[in-house]
Amino acid sequence: MDLLTLDADRPELDDIDLFDPERFQTASQHGAWRALRAAEPVWPSPSPDGVRVWSVTKYADVMNVLKDTRRYSSEYGTILDVRHGDPAGGKTINLMDPPRHTGVRRPTSRAMAATALRATAREINSNVERMVAPLREPGVHDFADGFLPLAMATMGPVLGIPEPDWTTIARAAMAGVAPSDPVYARGDQRQTLHSAHTELFGLLGQTIADRRRRPGKDLVSLLLSIKVDGEPLTADEVLLNCYSFVMGANTTTPHVASQLALVLAQRPDILARLKGRPGLLPHTIEEALRWASPTNHLMRRATEDVRLGGHTIRAGELISAWVASANRDEDVFERPFEFLPDRRPNPHIAFGTGVHICVGALGARVVLRLAMSKLLAGVSALEVAGPVRHVRSNFINGISELRVRVS
Ligand code: HEM
C-alpha cells in the first residue's frame with residue numbers, strides 16, 4: 001500500500017487516533033486529516049494519557065500557530081511524544097522562543113547559508129556521489145537504507161564529523177524518533193532510546209571536546225564561541241544544540257529522497273519526464289517535500305487563552321499543528337492528492353514557517369537535488385521489489401525499508 005495517497009474512506013471522528021504510531025505505519029492518516037479539515041479543523045484530540053491536545057489541520061490555522069511565537073510557545077516541547085514537557089526546553093534552538101532564540105539562530109543560520117555551503121560544495125558533491133553510486137548499480141537495493149546517511153553529506157563537513165560516524169549518527173537519530181520501529185529498534189523502546197542517546201551524545205561530546213582544543217570554522221566551534229544575552233552557551237546547551245542540528249537533518253532529509261524514489265518507481269512517466277527535462281528537478285524536489293512532509297506535526301503550547309477555529313484554547317494547553325495535513329489542504333493546493341512534478345506555485349510548509357523555519361532547508365535542497373540528479377543520470381527504470389515499510393512514528397513521516405529493482 002502507498003501510505004502517502006488518500007485512503008478511500010473518510011473515518012468518523014471517534015475513530016481518529018493521531019497518537020498511535022502503529023497507525024502511521026500501517027495506514028494512511030491522510031483520510032483522518034481530510035475528515036478533520038472538513039468537519040473539525042481545530043479539534044480537541046483525545047490522547048492516550050488524557051492530556052488534551054488541539055489538533056490543527058488547515059493550512060491557514062497551521063500558519064497562524066507557527067508564526068505566532070508570542071501566543072504559541074516552543075519551549076515546552078515540539079513533538080507529541082514529549083507532551084509532558086521536554087527537558088531540553090529553553091536550552092536549544094528549536095525549543096527556544098524569541099528573543100533568546102534569535103541569539104542562537106542568527107549566527108548558526110550563517111553557518112548553513114549559501115556562502116558556507118559553497119565553500120564545501122566539492123566535498124558535498126563527492127559525498128553524495130559515494131552514497132548514490134551503489135544505488136545506480138543494476139539489481140535490487142534498499143533505497144531507504146542507502147539514503148539514510150544522505151544529510152551527513154552536508155552536515156558532516158558543517159559539523160566537522162568524520163565520515164565513518166555518519167551512518168551510526170543517522171541510524172541513532174532515527175532510533176531516537178522511532179524507537180519502536182523494528183528497523184531501528186535495539187531491544188525495547190527504553191533500551192533503544194538509551195542506546196541511541198548514548199551513541200549520539202557520546203559522538204557529539206567527543207566532537208565538542210575536540211573543537212574546544214582545536215577550534216575550526218565549523219558549526220560546533222561556532223556554538224562554542226557565541227554569546228546569548230552576553231553569556232556563552234553552557235556545555236549542556238552546546239551539546240543540545242548539536243543534537244538538534246543532527247536530529248533535524250537526519251530524521252527528515254533521507255525520507256524525502258526515499259519517498260521520491262518510491263514515486264519514480266510507481267510512476268515511470270515522471271521518471272521519463274525528469275530524465276528528458278533535468279530543469280524540472282527543482283520543482284519536483286519541492287513537490288516531493290510537500291508530498292513527503294517528513295515532519296508530520298509541530299507541537300506548541302498556548303501562553304494565554306486564544307481563540308482558534310471557533311474554540312477557546314486555554315493558556316497552558318497543547319496544540320499540534322499538522323504540517324502534513326496543511327500540505328494537502330484542498331483550499332491551497334489544487335489536486336492535493338496528486339504528485340505533480342511541475343506543481344507551481346507550491347507554497348508547501350514542509351520546512352515549517354516563521355522564526356523556526358528550517359535552518360537547514362538550503363542544505364537539504366542541495367543534497368536532494370544532487371542525489372536525485374545523480375540517480376536519474378544512471379538509471380533507466382525503477383520498480384518496487386518488495387513491501388514498502390513506513391516509519392512507526394506519529395512525528396516523522398518516512399520510509400524505513402524500500403526495496404527497488406534498478407535497471
Ligand atoms: C527535508 C529536510 C528537512 C525538513 C523537512 C525539515 C523540517 C523542519 C521543520 C518543519 C522545522 C521547524 C520546526 C519548528 O517550527 O518547531 C525545522 C527546523 C529545524 N531544522 Fe529542519 N528540516 C530538514 C532538514 C534539516 C537539515 C538538513 C538540518 C541541518 C542543519 C535541519 C535542522 C533544523 C534545525 C536546527 C531546526 C530548528 C530551527 C529553529 O528552531 O530556529 N533541518 N526543520
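**Close-up views of a predicted model**

**View 1. Surroundings of Pro-347 in the predicted model.** Pro-347 is classed as partly exposed because its relative accessible area, 35%, falls between the limits of 20% for buried and 50% for exposed residues. This proline belongs to the loop that joins helix H16 (323–326) to helix H17 (361–378). Leaving aside residues up to four places away in sequence, Pro-347 is in contact with Tyr-59, Val-332 and Phe-333. A distance of 9.0 Å separates the C-alpha atom of Pro-347 from that of Glu-286, a residue 61 positions away along the chain.

**View 2. Protein donor to the iron atom of the ligand.** The protein supplies a single donor to the iron, namely the SG atom of Cys-358, at 2.3 Å. Cys-358 is located in the loop between H16 and H17, the loop that also holds Pro-347.

**View 3. Strand E12 and its pairing with strand E4.** Strand E12 comprises residues 399–406 and is mostly covered, with six of its eight residues buried. Strand E4 (residues 139–142) runs antiparallel to E12, and four bridges connect the two. One residue pair in this view is His-141 with Val-404, the latter being the bridge partner in E12.

**View 4. Pairing of strand E12 with strand E11.** Strand E11, spanning residues 382–390, also pairs with E12 in the antiparallel sense, here over six bridges. His-390 has Ile-399 of E12 as its bridge partner. E12 therefore has antiparallel pairings with both E4 and E11, as each exceeds the minimum of two bridges required for strands to pair.

Definitions and conventions:
Residues numbered from 1 in each chain as written. Predicted model: local features only at pLDDT ≥ 70, side-chain atom pairs only at ≥ 80, totals over all residues. Heavy atoms only, no water. Buried < 20%, exposed > 50% of the residue type's maximum accessible area, 1.4 Å probe, protein only. Contact = heavy atoms within 4.5 Å. Donors = N, O, S within 2.8 Å, 3.2 Å for Na, K, Ca; no water.
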